[in-house]
Amino acid sequence: MGAMVGVALLGASVTNAFAADETLRSLAEERGRYIGAILNSEWFGGRIESQFEQIHKAQFNAVVAENEMKFDATEPSEGRFSYGNGDKMVKYAQQNGMRVRGHALAWHSQVPNWVNNYKGQKDKLFKVLKNHIENVVSHWKGQIAEWDVVNEAINDNNNHGWRSSGSVWFETLGADFLDSAFVWAHAADPDAELCYNDYAIEWGLGSGSKAGFVLEQVKRWKKNGIPITCVGTQTHIEISHETTPKNVRDFAKALAELGITLNITELDIGFPKGSANSLSAKDYQKQGHLYRQFMDVFLEEPNMGEFMIWGVTDAHSWLDGSQGKTQGLIYDKQYKPKPAYDSLIVSLKAHAPSEVVSPYSSNTPESSSSTDVSSSSSTITIKASMAPASLSMQVSGHTLLIAGTQSAMVDVFDMQGRPVFSAKCETGSIELKNVSEGLYVVRVRKGSASLTKRIAIK
Ligand code: XIL
């Protein structure tokens, strides 16, 4: 009991009164969804700061290995498999009731040299990949819920094509390696979800885009009976990438038509490298806005299941080392929750469990389709189920126009859930005085009816 209280307090920086036992994990669980973060086998059991393990267990119900299930880690020399570190993580996940994502089977990177040495030997390399997938997937059969079967196989040229250089798999086997990888993984664990995972998917479905190419391939795979069930959008973005949540929403909708789940698999939202010392509270709030928008999209789209962050604390993140970015996670270097943490909590709380569909259960509520996602509007409906159809709102500059009633209570919250404005509207329109430019959540209440929308004040 003492431990529970201590753990809960780690995530209780928020100024509004969250119940002490509410965590990202508890809120996600109530909604039939998974929120997770990476793990390394040396990150628990007292080998790094003790806060890490406390937070990881309290806040997350899903886990993915940062490196220790990749090809070079699991088969460092031919035919000799090394599962020790992965096993430790799977055990940790089982002990703590967490879902495990497996990452990654067929990827051009982090492949050992002995594999690259078979470049050009098609029959041999097919056998190598098949043997690897069969062994690794069978080893964790029934314990790893979902695999990234193929990772980052599309090129960066914006020309709708596979990565044709720098990939031993494609260069030797051609595009067949992808189809085969899914078939072999499915044979080894028929119950595992099987994903195609990539970066820059969040750039949208424009011409030549990765997302568009993925969509075409998913259609082809489905038509040909290739057992793909999910796509992962890594979503390693920068603070300036403001259109990405909307792009992820559009992509989720396109995949929903194909019966495919979309997961956010590696989220981080970095600032430019070197900027850490000059970042202000406002910068961190902006980061929170983006985190929140991803969580809103995640909860509102019925075919999204996992929200995985590529790290817990800025003290341990790949961004500083190799990415020219920094401070992209939801806890700072001292393990203090950032505004991004609060934003995620507030988004989860704004979506009642009854309104969130779980792609993992069949008895899903039907109300989720009530969300209005029209992008042309400056408002996005977050929660309208209690509102009579006649109640609506629009924002123009600082003026909030309410249709369907003359009088209503209006409350405006920032993206971290702090109240910034509250007044009674008597005339069907109200000035949102002293609310500065930015993104907010507005709640309009009339009796027991309430309509909540995200608005942009410009
Ligand atoms: C990264 C790890 O975070 C680093 O520790 C490692 O050095 C390189 O790989 N896309 C992926 C992940 O699919 O596996 C990558 O992880 C980040 C980009």
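A residue counts as buried when its relative accessible area is under 20%. The legends below describe close-up views of a predicted model.

**View 1. Strand 8 and its cover.**
Strand 8 spans residues 261–272. Of these 12 residues, 11 are buried, so the strand is largely enclosed by the rest of the structure. The partners of strand 8 in the views that follow are strands 6, 7, 9 and 10.

**View 2. Strands 6 and 7 pair with strand 8 in the parallel sense.**
Strand 6, residues 230–233, runs parallel to strand 8 and is joined to it by four bridges. One pair to look for is glycine 232 with asparagine 263, its bridge partner in strand 8. Strand 7, residues 236–238, is also parallel to strand 8, with three bridges between them. Here histidine 236 has aspartate 268 of strand 8 as its bridge partner. Between strand 7 and strand 8 the chain passes through helix 11, residues 244–256, in a right-handed β-α-β crossover.

**View 3. Strand 9 runs parallel to strand 8.**
Strand 9 covers residues 304–309 and is linked to strand 8 by three bridges. Isoleucine 264 has phenylalanine 307 of strand 9 as its bridge partner. To get from strand 8 to strand 9 the chain goes through helix 12, residues 281–300. This β-α-β crossover is right-handed.

**View 4. Strand 9 also pairs with strand 1.**
Strand 1, residues 34–39, lies parallel to strand 9, and four bridges connect the two. The bridge partner of isoleucine 35 in strand 9 is phenylalanine 307, the residue that is also the bridge partner of isoleucine 264. Strand 9 is mostly covered, with six of its six residues buried.

**View 5. Strand 10 pairs with strand 8 in the antiparallel sense.**
Strand 10 consists of residues 325–326, and two bridges hold the pairing with strand 8. Opposite lysine 325 of strand 10 stands proline 272.

**View 6. The ligand is surrounded by 13 residues.**
The closest of these residues are Glu66, Lys70, His103, Asn151 and Glu266. Three polar pairings with oxygen atoms of the ligand can be picked out. In the side chain of histidine 103, an N or O atom is 2.7 Å from a ligand oxygen. For tryptophan 310, a polar side-chain atom lies 2.9 Å from an oxygen atom of the ligand. Asparagine 67 places a polar side-chain atom 3.0 Å from a ligand oxygen. The ligand taken alone exposes 410 Å², of which the protein buries 78%.

**View 7. Strands 12, 13 and 16 form an open sheet.**
The order of the three strands is 12-13-16, with antiparallel pairing. Strand 12 (392–396) and strand 16 (429–431) are the edge strands, each pairing on one side only. From one strand to the next the twist averages 20 degrees. Five bridges join strand 12 to strand 13, residues 399–403, in the antiparallel sense. Among the residues involved, serine 392 has alanine 403 of strand 13 as its bridge partner. In a regular strand, side chains alternate between the two faces of the sheet.

**View 8. Alanine 315 lies in the loop between strand 9 and helix 13.**
Helix 13 spans residues 318–322. Alanine 315 has a relative accessible area of 34%. Partly exposed residues fall between the 20% and 50% limits, so alanine 315 is partly exposed. Alanine 315 and glutamate 49 are 266 residues apart in sequence, yet their C-alpha atoms are 10.0 Å apart in space.

**View 9. Valine 357 lies in the loop between helix 14 and strand 11.**
The loop is flanked by helix 14, residues 339–350, and strand 11, residues 379–383. The relative accessible area of valine 357 is 8%. Because the limit for a buried residue is under 20%, valine 357 is buried. A separation of 9.0 Å lies between the C-alpha atoms of valine 357 and glycine 305, which are 52 residues apart along the chain.

Definitions and conventions: Residues numbered from 1 in each chain as written. Predicted model: local features only at pLDDT ≥ 70, side-chain atom pairs only at ≥ 80, totals over all residues. Heavy atoms only, no water. Buried < 20%, exposed > 50% of the residue type's maximum accessible area, 1.4 Å probe, protein only. Pairing = 2+ DSSP bridges. Right-handed = clockwise from strand over helix to strand, strands pointing away. Near = heavy atom within 4 Å. Polar contact = N/O pair within 3.5 Å; in protein donor to acceptor, adjacent residues only side chain to side chain. Areas by Shrake-Rupley, 256 points an atom, 1.4 Å probe, with all protein chains shown as cover. Axes fitted to C-alpha atoms, helices over the stretch in contact; angles between N-to-C directions.
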